[in-house]
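Colleague: I'm still getting used to the words people use for protein structures. Could you take me through this one and tell me why each label applies?

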Amino acid sequence: MSTALELTRDLISRASVSPTDAGCQPLMAARLEAVGFEVENLRFGPVDNFWAKHGRERPVFCFAGHTDVVPSGPTDDWRTDPFTPVIAGGMLYGRGAADMKSGLAAMVMATEQFVRSHPDHRGTIAYLITSDEEGPSVDGTRRVVEVLRDRHEAIDWCLVGEPSSEKVLGDTIKIGRRGSLSGRLTVHGVQGHIAYPQFADNPVHALAPALAELTSMTWDQGNEHFQPTTFQISNISAGTGAPNVIPGELKARFNLRFSTEQSVERLQATVEAVLTKHRVKHTLEWFVSGLPFLTAPGGALSNAACRAVREQLGLDPNLSTGGGTSDGRFIAPMGAQVIELGVVNDTIHKVNECVRVADIERLAQVYFRTLELLLAS
Ligand SMILES: [Zn+2]
C-alpha cells in the first residue's frame, strides 16, 4: 500500500486537463475496490465520473471531488514540468498538487485506514468523483446527482476535498458558498458618422450612467455567514474598429456573487430596473451557475470536522462561505450537509502550484478522524 504522498504523485503525473481524467479515476477506484467498495462508472459525454459505496445503510457520508485540473499555461513559466511531480524545500510541485489531487489521495488513504480498522462501521461511505469541475460542470457532479435523485439515493453528509485552507492546513472550513448569476447584455444603438451624432445613437453613452449606478450601489449588507453581494463586469466591447464611427451595438458580460439575502428574481429585477430607468435599449440573457447554500454550524458534519481539526492539527478552524463556487452547490440541494476541507489554496490555478508535503498525510489523519467521529460503530 503506497502512502498518500505517492498516490498524489501518481495522480499529478496523469495530465488530466479538464475534462480529461487521464486514468486518475481508475487509480482511485482500484484502491477503493481493494477494500470492498462497489464502484460504478458514470460517463456522460466527454466526462468521466464515478460513484462508489461501502455499506448500504444511512447515514451516508460522501467524499466529493474532481480529478481534472486547469491547464498549466506556458510550461516555460514553470520552474518544473507541471505534470512531473517534484519535491523541493518540503513542497510538492505540479498542476493539481493543491487543487485537488492531494485531497483525493488523502481521502483514499483515510478511507483505507478506516475500513480496515472499522470493518463493521455504521452507515455508508460513498465517493462522488468527477473529471469536469474546472470546465463547464454540465456532465459532471450535476449529472451524477440527477442519477442519484432518480434512484432515491441519499447523501447525508458530504465532505468536498477542495483546498479550503488559507494560510495553514485546517485554518478554514467552507460551510457554504455564495450564489453566482451571470448576464450577457446587448445594448442596441444606431451606427453613424462620429461627426454627426444627431443621426446616430451611441450605445456606449447609453450604458455608461446605468453602469455607474450598478457598480456603485450597495446590493445588501450580507449577513452573519455571507459577504455582501457584489456586481462585476467581466467583458465589455463595442466599436467597429474605425475611429470615425459611432458603434451600433455594445456587448457586455457581468456576474453577481450573491448572499442568501438575495434571490435570483430580485437581482434580475434590480438590474432590469436600473437599465430601464436610464432608458437603455437592450436584450439580456441570464445564466444561474449556482444558488447560495449554507450548512449552518452546529450540525453533525461540521462539528465532527472541527473536532478532527482541533485534535489532529491543534487549531480552531474558521467557518467561511467566501471564495468561488464548487460542486457542493449541486450536492447541497439533495438535502445534504456540505462542507469543504482541504489543503492550503494560495497557489491553485497558478504556475508552480504546490502543496506542503507534510500536509497530505496530516489531511488524511483529519479525514480519518472525521470518519471515526461520524461512522465508527
Ligand atoms: Zn478544485
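Modeller: Sure. Keep in mind that this is a predicted model. Let's begin with Ala22, which is partly exposed with a relative accessible area of 38%.

Colleague: Why is Ala22 called partly exposed?

Modeller: Buried means under 20% and exposed means over 50%. Ala22 has 38%, so Ala22 goes into the class in between, partly exposed. You'll find Ala22 in the loop between α1 and α2.

Colleague: What is the phi of Ala22?

Modeller: Phi of Ala22 is about 55°, a positive value, although Ala22 is not a glycine. As background, most residues other than glycine have a negative phi. Ser137 also has a positive phi, near 55°, and is a residue other than glycine. Ser137 lies in the loop between β6 and α4.

Colleague: Is Ser137 buried or exposed, and how do you know?

Modeller: Its relative accessibility is 3%, and the cut-off for buried is under 20%, so Ser137 counts as buried.

Colleague: What else is in the loop between α1 and α2?

Modeller: Thr20 lies there. With a relative accessible area of 41%, Thr20 is partly exposed, because that value falls between 20% and 50%. Leaving out residues up to four places away in sequence, Thr20 touches Asp68 and Ser131. Thr20 and Thr130 are 110 residues apart in sequence, yet their C-alpha atoms are 9.9 Å apart in space. Pro19 has its place in that loop between α1 and α2 too.

Colleague: What makes the peptide bond from Ser18 to Pro19 cis?

Modeller: Look at omega: for the bond from Ser18 to Pro19, omega is near 0°, and the bond is cis. A cis peptide bond also joins Asp99 and Met100, with omega about -10°. Met100 lies in helix α3. In general, most peptide bonds are trans.

Colleague: Which residues coordinate the zinc ion?

Modeller: His66 (NE2), Asp99 (OD) and Glu162 coordinate the zinc ion, with Glu162 (OE) listed twice, at 1.9 to 2.8 Å. Along the chain, the donors follow the spacing H-x32-D-x62-E. His66 lies in strand β3 and Asp99 in helix α3, so this pair ties together parts that are 33 residues apart in sequence.

Colleague: Why is the arrangement around the zinc ion called irregular?

Modeller: For four donors to count as tetrahedral, all angles must lie between 85 and 135 degrees. Here the four donor atoms subtend angles of 51 to 145°, so the arrangement isn't tetrahedral and is labelled irregular. For background, the ideal angle for four tetrahedral donors is 109.5 degrees.

Colleague: How do you know whether His66 and Asp99 are buried or exposed?

Modeller: Use the 20% cut-off again. His66 is at 0% relative accessibility, so His66 counts as buried. Asp99 is at 4%, so Asp99 counts as buried as well.

Colleague: Back to helix α3. What makes α1 oblique to α3?

Modeller: The axes of α1 and α3 come within 8 Å and cross at roughly 135°. Over 145 would be roughly antiparallel and 65 to 115 roughly perpendicular, so the crossing falls among the rest, and α1 is oblique to α3. The crossing is right-handed. Residues making the contact include Leu7 and Leu11 of α1 and Leu104 and Val108 of α3.

Colleague: Which residues make the contact between α5 and α6?

Modeller: Leu207, Ala210, Glu213 and Leu214 of α5 meet Val271, Val274, Leu275 and Lys277 of α6. The two axes come within 9 Å and cross at roughly 145°, and this crossing is right-handed.

Colleague: What makes Phe226 count as buried?

Modeller: Phe226 has 4% relative accessibility, under the 20% limit, so Phe226 counts as buried. Phe226 sits in the loop between α5 and β12. Leaving aside neighbours within four places in sequence, Phe226 is in contact with several residues, among them Arg177, Phe293 and Thr321. Thr260 is 34 residues from Phe226 in sequence and 7.3 Å away in space, C-alpha to C-alpha.

Colleague: And how many helices and strands does the protein chain have?

Modeller: Nine helices and 19 strands. Of the 377 residues in the protein chain, 52% are buried.

How values were computed. Residues are numbered from 1 along each chain as its sequence is written. This is a predicted model: local features need pLDDT of at least 70, side-chain atom pairs count only at pLDDT 80 or more; totals for chains, interfaces and linings use all residues. Side-chain values use heavy atoms; hydrogens and water are left out. Donors are N, O and S atoms within 2.8 Å of the metal (3.2 Å for Na, K and Ca); water is not among the atoms, so sites may look incomplete. Four donors count as tetrahedral if all angles lie between 85 and 135 degrees; four count as square planar and six as octahedral if opposite donors are over 155 degrees apart and all others between 65 and 115; anything else is irregular. Helices (H or I, at least four residues) and strands (E, at least two) are DSSP runs, numbered from the N terminus. Buried means under 20% relative accessible area, exposed over 50%, partly exposed in between (1.4 Å probe, protein chains only). Axes are lines fitted to C-alpha atoms, for helices over the stretch in contact, and angles run from 0 to 180 degrees between N-to-C directions. Angles under 35 degrees count as roughly parallel, over 145 as roughly antiparallel, 65 to 115 as roughly perpendicular and the rest as oblique. A crossing is left-handed if the near helix is turned anticlockwise from the far one by less than a right angle, and right-handed if clockwise. Contact means heavy atoms within 4.5 Å.
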